[in-house]
Amino acid sequence: MIAFSQKFEKPTCPESPQVQPRTFNPAIRVALRLGKFMVPKSILREAAHQNRLRNAQAPIHRLPPELLAEIMVYTIDWMYWGTWQLRILSMVSTYWRDIILSSPRCWSVLDGLHEPEEWKAVLAHNPAGTIDLRGSTENGHSHTLGDKTANSIIDFALSIIEAAPCMVLTVDPNSSYIRISSEPMPGIPATWVLWSKDIPGFDAQLMNVDVQALSMRIAAAANPSSQFIVMPLVPSEEHVFEDLLSNLGLVSREFEPPSGPAPPQTQPPRSFDTAAGVALRLRGLMVSKSRLRQTAHKNRLRNAQAPIHRLPPELLVEIIVYAIDWMYWSVRQLQTFAMVSTHWRDIILSSPRCWSVLSGLQKPQRWKAVLAHNPAGVIDVRCAGERIEEFIPLAVAAAPRTGTLTLWVDDQNELVEKIFGVPLPILRDLLVYNAATDQKVIPSLGEGVFLRHVELYRTGMRWDEPRLANLSTLCLVALLDGAPTATQLYTLLSCSPNLERLQIANWSNSADASYQLSIEDSASNQEQLSHPTFPPIQLNQLSALIATWLPPEVLAFLFAIIRASSCQTLVVIHDGDDKTANSILDFALPIIEAAPSIALKLDPNSSYMRISSEPMPGIPATWVLWSKDIPGLDAQLMKVDVKTLSIRIAGAVNSSSQFTAMPLVISEQHSVEDLLSDLEAVRCAKQSASY
């Protein structure tokens with residue numbers, strides 16, 4: 001066997017690693033990968049024999065070998081011929097490999113740039129046929145012209161100059177240089193003439209010639225309807241050939257597109273250079289529909305043996321539902337899954353859970369598809385988009401089976417009035433973003449299941465709503481009017497012991513008077529050692545608390561009643577007294593002790609400090625259903641005793657953690673030198689005590 005053909009065989013070198021034989025039988029492939037079954041060679045031979053019989057039924061294999069060889073010769077890129085191209089074609093099947101090895105026309109290039117082994121392979125497979133012998137050569141010369149030769153060149157190019165739609169002269173009278181070029185410029189590919197496709201045009205560089213005489217002749221030869229441009233070789237020397245321009249009678253020297261209608265753009269006919277494309281063009285190879293159905297049926301039987309198809313359809317639906325990105329749900333995602341196989345497509349089309357999002361941002365055709373595939377199941381209704389008025393009737397009709405409701409409210413629609421005018425008995429998730437001028441208020445929801453996730457932006461509701469219990473998430477943002485009172489907020493939190501995320505932010509500065517009264521009652525009761533009016537609430541599942549830009553009374557009330565030892569994310573902005581600041585530190589102590597790094601930014605002059613962990617906590621600006629908070633601490637405290645709080649934090653940070661203190665303004669570091677020294681002393685004492 002010659003050197004090239006050995007490349008198609010199993011390596012015979014004793015040092016080469018042993019590879020497993022390739023097989024197209026799915027069951028055998030799975031067994032080989034798992035390594036749990038020893039497959040006898042007889043079974044492998046039988047599987048390979050079945051694969052050959054199945055491949056022999058392909059339409060391309062019905063062609064005569066001579067015709068198939070012609071197709072292969074047509075597909076080879078002869079400019080860059082190499083045995084690697086033949087190797088790719090031979091990988092299709094053993095039948096194709098035999099045809100390539102026995103066809104001398106596939107081995108008709110003997111190139112000195114190739115390896116000697118490839119020379120031997122070409123001579124062995126094509127011992128007597130025509131050979132394309134290739135070597136390499138380099139040549140070149142330069143020549144300087146005179147006026148006589150230059151005029152001969154112009155005589156030769158007159159027909160090209162007259163036909164060109166645009167001529168450009170680049171001249172330099174000082175050096176007797178002129179360049180005449182057409183637009184577009186001619187293109188001469190740097191390749192052999194067999195594969196060269198030149199771009200028509202004219203490009204002549206003439207040196208040591210009479211620039212003015214030649215320019216006048218070219219201007220007279222150019223077509224009157226064509227564009228004619230003259231420019232200096234060096235733009236700064238334009239004054240040198242002003243007389244030449246006046247003689248040529250040019251009015252404008254700016255490049256402008258040629259006037260008149262543009263020539264029609266013709267596209268070259270599409271050609272198929274692959275073997276499959278050539279085969280489809282040949283007549284007599286029309287496969288009957290019955291044969292196609294039979295082949296598709298065999299493919300389904302083979303695919304049915306895959307391990308994932310042995311799963312029950314209900315379990316496969318759960319896997320697909322888990323893989324869907326529900327925040328950006330679209331039919332395109334389902335189409336991607338359906339393209340895996342007919343079995344997957346049938347499961348997706350018959351599963352209402354895959355069609356559970358009715359969004360106004362989608363097209364009306366998508367609405368019809370969702371309602372057709374999910375006629376009675378739970379629906380996630382998202383009211384938004386330009387077609388909101390057309391979408392509202394569908395949303396109202398689907399209200400009895402709406403599980404998640406997302407509203408984008410503005411001054412142009414009346415979503416709150418229309419949507420909540422019908423019962424929502426199974427509503428679990430309520431998300432409302434209000435961009436209208438006035439704050440909206442959600443009316444009573446009526447009877448139904450408890451809500452799970454509630455996120456309201458500039459939207460109030462009846463805070464004594466019976467369904468506001470057993471919440472997992474509560475987000476109340478930008479409430480200007482109608483915020484819950486201290487008693488209502490306490491009831492909301494106490495009725496949701498499994499609350500996981502609480503966000504209260506950007507409330508009106510004028511808090512309800514009940515918060516101040518509750519703080520005063522709590523202080524008086526504590527002095528009298530009696531039972532407090534609002535006992536602390538244990539929220540053992542709370543993992544994130546965001547309290548920013550709230551009235552001081554509301555913030556003090558929150559940290560007075562909430563106890564959450566497992567909280568991992570805390571973002572707070574406090575503008576108040578030291579008592580509330582110490583309550584915030586009491587709440588944040590577990591986070592401070594667990595953080596690998598704590599940084600303090602101090603400004604004693606303005607009584608400001610910022611406590612942050614590294615990495616900083618992250619609160620994604622998205623709906624709470626898909627929010628994934630990054631654990632950490634970020635607390636901004638204003639109007640507090642910076643020194644006392646800083647020393648307390650330095651003593652709470654873990655001795656193995658990194659602790660950094662710096663001034664808020666670098667130029668004022670001298671004002672905190674004493675405080676930094678005290679903090680360093682506290683850290684040293686804590687580290688020495690830990691040893």
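## Helix packing: H14 and H15

Helix H14 spans residues 331-338, and helix H15 spans residues 342-350. In this predicted model, the two pack at an angle of about 145°. Their axes lie 8 Å apart.

H14 brings Leu334, Phe337 and Ala338 to the contact. H15 answers with Trp344, Arg345 and Ile348. Sorted by class, five of the contact residues are nonpolar and one is charged. No polar residue takes part.

## A buried threonine: Thr569

Thr569 sits in strand S19, which covers residues 569-575. Its relative accessible area is 2%. Thr569 counts as buried because that value falls under the 20% cut-off.

What does Thr569 touch, leaving out residues up to four places away in sequence? One part of the list is Ser543, Ala544 and Leu545. Ile591 is also touched, as are Pro617 and Ile619. The run Asp629, Ile630, Pro631 and Gly632 completes the set.

## Cavities

How many cavities of 30 Å³ or more does a search of the whole structure find? There are two. The second largest has a volume of about 30 Å³.

Two stretches of sequence supply the lining of this second largest cavity. Leu602, Asp603 and Pro604 are among the lining residues. The others are Pro663, Leu664, Val665, Glu668, Ser671 and Val672. By class, the lining has six nonpolar residues, one polar and two charged. Asp603 and Glu668 are the charged ones, and Ser671 is the polar one.

Technical notes
Residues are numbered from 1 along each chain as its sequence is written. This is a predicted model: local features need pLDDT of at least 70, side-chain atom pairs count only at pLDDT 80 or more; totals for chains, interfaces and linings use all residues. Side-chain values use heavy atoms; hydrogens and water are left out. On a 1 Å grid over the protein atoms alone, a cavity is a set of points where a 1.4 Å probe fits but cannot get out, and a pocket is an open set with protein on both sides within 12 Å along at least five of seven lines; lining residues have an atom within 4 Å of a point. Grid points are joined across faces, edges and corners, and a volume is the space filled by probe spheres set on the points. Helices (H or I, at least four residues) and strands (E, at least two) are DSSP runs, numbered from the N terminus. Buried means under 20% relative accessible area, exposed over 50%, partly exposed in between (1.4 Å probe, protein chains only). Contact means heavy atoms within 4.5 Å. Axes are lines fitted to C-alpha atoms, for helices over the stretch in contact, and angles run from 0 to 180 degrees between N-to-C directions.
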